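I open these notes to record what I looked up, entry by entry. The structure comes first, and my entries follow.

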Amino acid sequence: MFGRKFNILSVAGIQIGIDLSWLFIAALLSWTLAVGYFPFYYPDLASNVYWLMGIAGMLGLFVCILLHELGHALVAKYNNLPISQITLFIFGGIAEIKKESQTPKVEFWVAIAGPIVSVLLVLVMHALTLLGEKSGWPVQVVGVTAYLALINLIIVIFNMIPAFPLDGGRVFRALLWWWKNDLAWATKIASYVGAGFGLFLIFYGVFTLLGGNFISGLWMFILGLFLHKAATASRTQFYVGRELKGEKVEKFMVKDPIAVPQEINLKEFIDQYVYQSHHHLYPVVDLDNLVGYISLSEVKSVPAEDWPKVYVKKVMVPRSAFQTVTPDTNALEALNLMNETGSTTLLVTVRNQLVGMLTAQDLFKLISLKIELEEKSR
Ligand SMILES: [Zn+2]
């Protein structure tokens with residue numbers, strides 16, 4: 001889901017990182033505050049003062065989002081849910097919790113903890129603003145606290161929309177789960193509502209755009225796309241996690257896949273293997289031992305007229321350059337490995353003998369069949 005990111009600090013054993021997209025938003029936000037928001041509400045200040053206020057507002061918001069996510073993370077940790085990390089990205093923050101909550105009660109409190117922190121921040125910032133106005137603090141300071149009170153209020157309102165996977169949607173899912181005692185059903189309903197709300201925002205955004213309000217229309221459109229995608233992805237992730245839990249690679253792999261001997265040349269490989277079986281990737285073996293794999297991109301690195309002269313052995317990706325799994329590997333772990341390495345095919349070995357091949361397509365085909373059967377029988 002994320003692009004490049006780097007870690008900045010860790011709190012109570014929780015890694016906190018920033019996605020590169022956040023830097024873009026940080027710059028955009030400082031600029032919007034310095035040339036738009038602050039000059040509008042507090043006219044007649046010098047432009048460098050507006051920039052200082054803009055940067056202070058941006059950093060303040062950064063800390064507030066971090067505190068919001070820490071709220072989720074600490075409550076999760078208190079309930080023995082492992083937290084891998086917190087990442088700040090283009091639409092705010094995300095606390096990556098590695099396990100689903102065991103009970104609707106835990107889910108409810110983990111989900112509501114972030115918005116509770118934000119409500120507290122609204123109150124603190126508002127109190128500071130009132131105190132500052134009464135005690136004659138400089139307008140530069142009061143302007144920033146007033147902004148932070150407002151932005152945290154917006155964060156609370158937006159996050160409490162009952163659209164899964166937003167916090168409000170998680171609260172909604174926890175309530176549904178508690179009501180029917182059926183997490184799968186609750187996830188289904190909550191993610192449909194989330195996806196529906198995303199669609200609504202997309203259409204509303206387009207109408208707003210056509211009506212001439214370019215900036216708000218565009219924001220609504222982008223948020224709608226994001227929400228729709230996130231709701232659908234969360235639902236898939238939930239089902240995939242549940243279907244793969246406790247399953248082994250053995251169940252999903254293709255046994256004895258077509259393997260290429262390392263001593264043939266590329267022309268033979270193309271004629272006898274690629275044109276015959278149309279796979280993307282072929283394990284390369286020496287007798288039964290896996291020594292590497294070859295795909296079309298390795299072949300393409302050699303000019304076609306040289307194919308009869310170049311051996312598979314020469315251009316294959318060697319065994320030492322990629323990871324394999326065993327039939328006993330947990331299926332969810334295998335999927336995580338695909339995500340981490342970006343390769344959708346894994347070779348399955350036992351003591352370096354090739355025994356199977358696992359592809360993301362096969363994995364998902366089986367899962368979606370199972371889900372379809374289940375949803376029909378409900
Ligand atoms: Zn939250």
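**Entry 1: H5 and H6**

I began with H5 and helix H6 (residues 183–210), whose axes come within 8 Å and cross at roughly 145 degrees. I note here that I am reading a predicted model. H5 passes H6 in a right-handed crossing. I then listed the residues in contact. On the H5 side I have Gly169, Phe172, Arg173, Leu176, Trp177, Trp179 and Lys180. On the H6 side I have Leu183, Trp185, Ala186, Thr187, Ile189, Ala190 and Val193. Sorted by class, the contact of H5 with H6 holds 10 nonpolar, 2 polar and 2 charged residues.

**Entry 2: H3 and H5**

Next I looked at H5 (residues 167–180) against helix H3 (residues 104–134). Their axes come within 8 Å and cross at roughly 160 degrees. I wrote down H3 as roughly antiparallel to H5, because an angle over 145 degrees counts as such. The crossing of H3 past H5 is left-handed. H3 brings Pro104, Glu107, Phe108, Ala111, Ile112 and Pro115 to the contact. H5 brings Asp167, Arg170, Val171, Arg173, Ala174, Leu175, Trp177 and Trp178. I find 10 nonpolar and 4 charged residues in the contact of H3 with H5, and no polar ones.

**Entry 3: Ser191 and the cis bond**

Is Ser191 buried or exposed? I looked it up: Ser191 lies in helix H6, and its relative accessible area is 2%. I therefore enter Ser191 as buried, the limit being under 20%. Leaving aside residues up to four places away in sequence, Ser191 touches Phe164, Ala231 and Arg235.

Phe164 led me to the peptide bond that joins Phe164 and Pro165, which is cis with omega about 10 degrees. I placed Pro165 in the loop between helix H4 (139–159) and H5. For background, I note that most peptide bonds are trans.

**Entry 4: Strands E7, E8 and E9**

I turned to the strands. E7 (residues 281–286) and E8 (residues 289–295) pair in the antiparallel sense, over 6 bridges. Which residue of E8 stands opposite Leu281? I found Ser295 there. E7 and E8 form a hairpin, with 2 residues between them. In that turn, Leu287 has a positive phi of about 55 degrees.

I followed E8 on to strand E9 (residues 317–318), to which 2 bridges join it, and the two run antiparallel. Tyr293 has Val317 in E9 as its bridge partner.

**Entry 5: Two more positive phi values**

Having met Leu287, I looked up other cases. I keep in mind that most residues other than glycine have a negative phi.

Where is Asp256 found? I place Asp256 in the loop between strand E5 (254–255) and strand E6 (260–261). Although not a glycine, Asp256 has a positive phi of about 45 degrees. Its relative accessible area is 65%, so I enter Asp256 as exposed, which requires over 50%.

Arg351 is found in the loop between strand E10 (345–350) and strand E11 (353–359). Arg351 is not a glycine either, and has a positive phi of about 45 degrees. Is Arg351 buried or exposed? Its relative accessibility is 76%, so Arg351 goes down as exposed.

Definitions and conventions
Residues are numbered from 1 along each chain as its sequence is written. This is a predicted model: local features need pLDDT of at least 70, side-chain atom pairs count only at pLDDT 80 or more; totals for chains, interfaces and linings use all residues. Side-chain values use heavy atoms; hydrogens and water are left out. Axes are lines fitted to C-alpha atoms, for helices over the stretch in contact, and angles run from 0 to 180 degrees between N-to-C directions. Helices (H or I, at least four residues) and strands (E, at least two) are DSSP runs, numbered from the N terminus. Angles under 35 degrees count as roughly parallel, over 145 as roughly antiparallel, 65 to 115 as roughly perpendicular and the rest as oblique. A crossing is left-handed if the near helix is turned anticlockwise from the far one by less than a right angle, and right-handed if clockwise. Contact means heavy atoms within 4.5 Å. Ala, Val, Leu, Ile, Met, Phe, Trp, Tyr, Cys and Pro count as nonpolar, Asp, Glu, Lys and Arg as charged, and the others, Gly among them, as polar. Two strands pair if DSSP finds at least two bridges between them. Buried means under 20% relative accessible area, exposed over 50%, partly exposed in between (1.4 Å probe, protein chains only).
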